[in-house]
Amino acid sequence: MTDFSQSLQLIVAEEVLSVTGLVLLLAAAWMGEKGSRAISIIAVAALAACAFIAAPTLCGGLMGPDRVAFMGQYSADAFSAFAKLLIYAAGGAALIVAPSFFARAGVGGTSAMRAEYPVLVLFAVLGMNMMVSATDFLTLYIGLELNSLAAYVLAAFLRTDERSAEAGLKYFVLGALASGIILFGMSLTYGFSGSTNFTAVALALDGPMSTGALFGLIFVLAGLAFKISAVPFHMWTPDVYEGAPTPVTMFFATAPKVAALALTMRVALDAFGNQVGAWQQIVIFVSLASIVVGALGAIGQANIKRLLAYSSINNIGFLLIGLAAATQEGAAAMLVYLAIYVAMSVAGFVVVLMLRDADGNPVEAISDMAGLSRTRPALAWALAAVMFSLAGIPPLFGFWGKFVVFQAAVNADLIALAALGIAASVIGAFYYLKVVKIAFFDEPANVVAAEGEGGVDGLAHKILLLVSCLVISPLGYLATPWLGDLADKAAAALFFVG
């Protein structure tokens, strides 16, 4: 058990985010919109500094009592560090691509970019940091709400766009419902275990589980299923993804997904780790339902952002197969998949951001991408790489994420689950291939502007797209030993028994 000063040393990254966020908030109030660019740059620098702080913890595989802060409420171990690095990368990408998007989304020649945007992203990331490090239900809830409150505002950030306002309202209403469900589940769990600390809850629930404690577990998992947009709590995802500004959608598809999944892993494997039999069947059902509903829902979509929303639901299903295994190998497989998924999502949404007509307006209709390979060949090939990787088609790196998850399920004797997951993944391949077919083989719709028209693509967009496409390309397999080693260290910290 660490004392208060040691606890403060363990949360340096959170302190950096808090102080930077508060200072930038004052700067935003003082400088106004003219300071938005400088504030964004400082926010990205703060995220990079936090990444440097977290990296040694992950590389060293640090875990145990020395990494526990505030009397068991917070854990700055290798598992949380892995998740934080992905969150920082996703948050930085969302900040980098935002200025050019909001510049085009403005009315009357003025930019819609506001100085509050990077501040909201920083506070959302701070909340996610608390989520992935939480080892107590109270810390969990504070982090969850801090992230959610910033996210509600981000979803409705384009005040002149009705779709954005609608997305923010839907996200707020359903997010509040999910928070209430989690809070009710936490109350039941506390009532039947006598503690909010994950370790104490696990000890109290070792043995036959009472009906009240079981209901607490179910409500907590149901609330977390809302946050990761798993079936049957996925209904908000397509509308919010479509209505929110595209940089915000990219942020929602990556960072909060990582945080919510890491939190779900810690709750299931730490707090309820002695009751695997009680939640494993629930996770298996949710996993298969998410794979099937995500794939079938995507088939009829005409908007690329809605298609990517259903794709995220589909991918959550595959990720949960690793959780269903309830083993250290399954947890490591989930982390590998998450890292690849973040790269695929960033690449996909950068492509969407670069799809514009001659007037600079965003192109989101899939039919308008017809013949993209002739007008924007490089962009079409990047889109094809994203689609094939999301479908898990070798030799692209997305295949490896699915492979390690299925391998973990087979090694945990969940052979039927792995077989059903593989069979259901074939459904998903259809809608991914449909997008590639439209881009490469249909007659050109001549809607997407050629290179150099519709506004100049930012250098940051091109660099982000190039880096993320290199990660999901066959070159990504060169990183499998390194990525697997880091995932193993993070998973070991999650299963550490002191």
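# A tour from helix H13 outward

Just after helix H13, Ala326 takes a positive phi of about 55°. Select that residue to begin, and keep in mind that this is a predicted model.

Now step back along the chain and select residues 304-325, which make up helix H13. The helix has 22 residues and spans 33 Å from its first C-alpha to its last, close to the 32 Å expected at 1.5 Å a residue. Show the surroundings as well: 22 of the 22 residues of H13 are buried, so the helix is largely enclosed by the rest of the structure. At the start of H13, select Asn303 and Lys305. A side-chain oxygen of Asn303 comes to within 2.8 Å of the backbone nitrogen of Lys305.

Next, select Phe318 together with Lys402. The charged end of Lys402 sits over the ring of Phe318, 4.6 Å from the ring centre.

Move on to Val405, which lies in helix H17. Is Val405 buried or exposed? Its relative accessible area is 0%, so Val405 counts as buried. For a sense of scale, add Leu25: 380 residues separate Val405 and Leu25 in sequence, and their C-alpha atoms are 42 Å apart in space.

Select Pro394 and Pro395 next. The peptide bond from Pro394 to Pro395 is cis, with omega near 10°, and Pro395 is found in the loop between H16 and H17.

The following stop concerns aromatic rings. The model holds 21 aromatic pairs. One of them joins Phe397 and Tyr477, edge-to-face, at 5.2 Å centre to centre and with 65° between the planes. Phe397 lies in the loop between helix H16 (377-391) and helix H17 (398-411), and Tyr477 in the loop between helix H19 (459-472) and helix H20 (480-494), so the pair ties together parts that are 80 residues apart in sequence. Phe397 has 3% relative accessibility and counts as buried, whereas Tyr477, at 24%, counts as partly exposed.

For a group of rings, select Tyr152, Tyr171, Phe172, Trp236, Phe251 and Phe252, which ring pairs link into a cluster.

Keep Tyr171 and Trp236 selected and turn to empty space. How many cavities of 30 Å³ or more does a search of the whole structure find? It finds five. The largest cavity holds about 140 Å³ of space. Of the 14 residues that line this cavity, the closest to its centre are Asn147, Tyr171, Lys227, Trp236 and Pro256. Colour helix H6 (137-155), helix H7 (162-193), helix H9 (211-227) and helix H11 (246-271) to see the elements that give two or more residues to the lining.

From H9, follow the chain into the loop that leads to helix H10 (237-243), where Pro232 is found. The peptide bond from Val231 to Pro232 is cis, with omega near 5°. Ser229 is found in the loop between H9 and H10. Its phi is near 55°, a positive value in a residue other than glycine. With a relative accessible area of 0%, Ser229 is buried.

Finish at Met71, in the loop between strand S1 (68-69) and strand S2 (74-75). Met71 is not a glycine, yet it has a positive phi of about 55°. At 65% relative accessibility, Met71 counts as exposed, whereas Ser229 is buried.

Note on methods. Residues are numbered from 1 along each chain as its sequence is written. This is a predicted model: local features need pLDDT of at least 70, side-chain atom pairs count only at pLDDT 80 or more; totals for chains, interfaces and linings use all residues. Side-chain values use heavy atoms; hydrogens and water are left out. Helices (H or I, at least four residues) and strands (E, at least two) are DSSP runs, numbered from the N terminus. The expected span of a helix is 1.5 Å times one less than its number of residues. Buried means under 20% relative accessible area, exposed over 50%, partly exposed in between (1.4 Å probe, protein chains only). A polar contact is a pair of N or O atoms within 3.5 Å; within protein, one must be able to donate a hydrogen and the other to accept it, and residues adjacent in sequence count only if both atoms are side-chain atoms. Rings of Phe, Tyr and Trp (its six-membered ring) pair if their centres lie within 6.5 Å; planes under 30 degrees apart count as stacked, over 60 as edge-to-face and the rest as tilted. A charge sits over a ring if NZ of Lys or CZ of Arg is within 6 Å of the ring centre and within 35 degrees of the ring normal. On a 1 Å grid over the protein atoms alone, a cavity is a set of points where a 1.4 Å probe fits but cannot get out, and a pocket is an open set with protein on both sides within 12 Å along at least five of seven lines; lining residues have an atom within 4 Å of a point. Grid points are joined across faces, edges and corners, and a volume is the space filled by probe spheres set on the points.
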